[in-house]
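Here are my notes for you to read with the model open beside you. Take them one point at a time and find each residue as you go.

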Amino acid sequence: MKPKHNNIPIFIPELACPHRCVFCNQSKISASLSIPEPEGIGEIIEKYIQSTTEPREREIAFFGGNFTGIPIELQKRYLQAAQTYILSGHVSGIRLSTRPDYINPTILKMLKKYHVLAIELGAQSTDDTVLRKSGRGHTARDIQEASKMILDTGFELGLQMMIGLPGDTSEKSMQTARDIVAFGAQTTRIYPTLVIQETQLSNLYHNQKYFPLSLDEAVLLSKNLYSYFEASQVRVIRVGLHPSEELSPEKSLIAGPFHKSFKELVMTDLWKDILSKKLNGIFYKKIDVIVNNTQLNFAVGYESKNKQYFENNGYQLKFKTDPFLSKYDVQIILK
Ligand code: SF4
């Protein structure tokens, strides 16, 4: 069996980011975060390695900012600090996130030398109007060119996208997804736009010039994007933001489709569709529904939403698992 994969996350915020993305409260982030010193990351890595006994394929993940936007000498110090663990075989390589306009052949050559395997770009949208209204400071063409350079140099490419940005629509988001596939991404992440305190977006929101997606809209759109990416063999690494103390109405969150179990809501909706199709035209009341173990919670639904939904429609479903079924296969036994 393939060993489990996990990332050892090391958060490197880019404190002096010259950009002004409307949704980002970097001044607040910068004030509240300390960057780990390159010499200190060994301790973080070792803690992770020691915390797992079963065989795992691990990557050191430099996330949280625009890695290739920090001074080159500092980049090298971080990358150098990770080499001991790569050369000893404790980790297989490095992945990092950055902006499309912070990629060039010289940077890529340097990253290759330090065993970087995967580069994720914050693409956010491939619609130039959306990018401009969001203050991203790069164009769709920058995303396309950076993607090509990354793939041509032999890295795994990830393209992250956001939904509900200023000027965005569901159709524009679907087009972004089609472009992400066309640009050759192997992985993606889907993040709903939230209105956070001390951002330009919060001013637009208070002046009724920006209206965030509702939770239902965000879940529906994310489900459609997720299904499309899966059908296109693009691995969806994440859907929704990590819940954190900061992301709460008592703290920084003003408005927007935040839910602590956003991915579960998306998968619940996806499974509602699968089961509706499967049960269409079946008039038995009592039915055993058998799914792969990894999908059981999603099939039953967040807080048993799907089970409840089908019960309200006259079915009594009993959910069971079979590890040999593939991810979205369903077997039903009529009782
Ligand atoms: S989201 Fe935009 S403003 Fe914030 S750190 Fe990234 S590039 Fe800079």
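The points below go from the whole chain down to single residues.

1. Start with the overall picture, and keep in mind that this is a predicted model. The chain has 12 helices and 12 strands. Its C-alpha trace spans about 70 × 55 × 40 Å along the principal axes.

2. How does the radius of gyration agree with that of a compact globule? For 335 residues such a globule would come out near 20 Å, and the chain has 22 Å, so the two agree. As for burial, 35% of the 335 residues count as buried.

3. Next, look at who touches whom. Take the contacts in the chain with a separation of 6 or more: 78% of them are between residues 24 or more positions apart.

4. The domain assignment splits the chain into domain 1 (4-260) and domain 2 (268-334). Try finding the C-alpha centres of these two domains; they sit 34 Å apart.

5. Now for the largest nonpolar core, which has 64 residues. The members that touch the most others are Ile-60, Phe-62, Ala-82, Leu-159, Ile-180 and Val-266. Helix H10 (residues 262-279) gives this core its largest share, seven residues. Both domains take part too, since domain 1 (4-260) and domain 2 (268-334) each supply at least three residues.

6. Zoom in on Ile-60. Which residues does Ile-60 contact, once neighbours within four places in sequence are left aside? They are Ile-8, Ile-10, Ile-45, Ala-82, Tyr-85, Val-91 and Ile-94. Don't miss the second, separate core, which has eight residues, including Cys-21, Leu-194, Ile-196 and Leu-201.

7. On to the ligand. Around the ligand you'll find Glu-14, Cys-17, His-19, Arg-20, Cys-21, Cys-24, Gln-26, Gly-65, Asn-66 and Arg-99. Sorted by class, that shell holds three nonpolar, four polar and three charged residues. Cys-21 should ring a bell: this residue of the ligand shell is also among the members of the second core.

8. Last stop, Tyr-302, in the loop between helix H11 (296-300) and helix H12 (305-312). Why is Tyr-302 partly exposed rather than buried? Tyr-302 has 19 other C-beta atoms within 10 Å, and a residue needs 20 or more to count as buried. Not counting residues up to four places away in sequence, Tyr-302 touches Ser-261, Glu-264, Leu-265 and Thr-268. Met-162, on the other hand, is 140 residues from Tyr-302 in sequence and 23 Å away in space, C-alpha to C-alpha.

Methods. Residues numbered from 1 in each chain as written. Predicted model: local features only at pLDDT ≥ 70, side-chain atom pairs only at ≥ 80, totals over all residues. Near = placed C-beta within 6 Å. Nonpolar A, V, L, I, M, F, W, Y, C, P; charged D, E, K, R; others polar. Domains from an automatic or database assignment. Core = buried A, V, L, I, M, F, W, Y, C linked by C-beta atoms within 7 Å. Buried ≥ 20, exposed ≤ 12 C-beta atoms within 10 Å, placed from the backbone. Helix = DSSP H or I, 4+ residues; strand = E, 2+ residues; numbered from the N terminus. Contact = placed C-beta atoms within 7 Å. Rg over C-alpha atoms; globule rule 2.2 N^0.38 Å.
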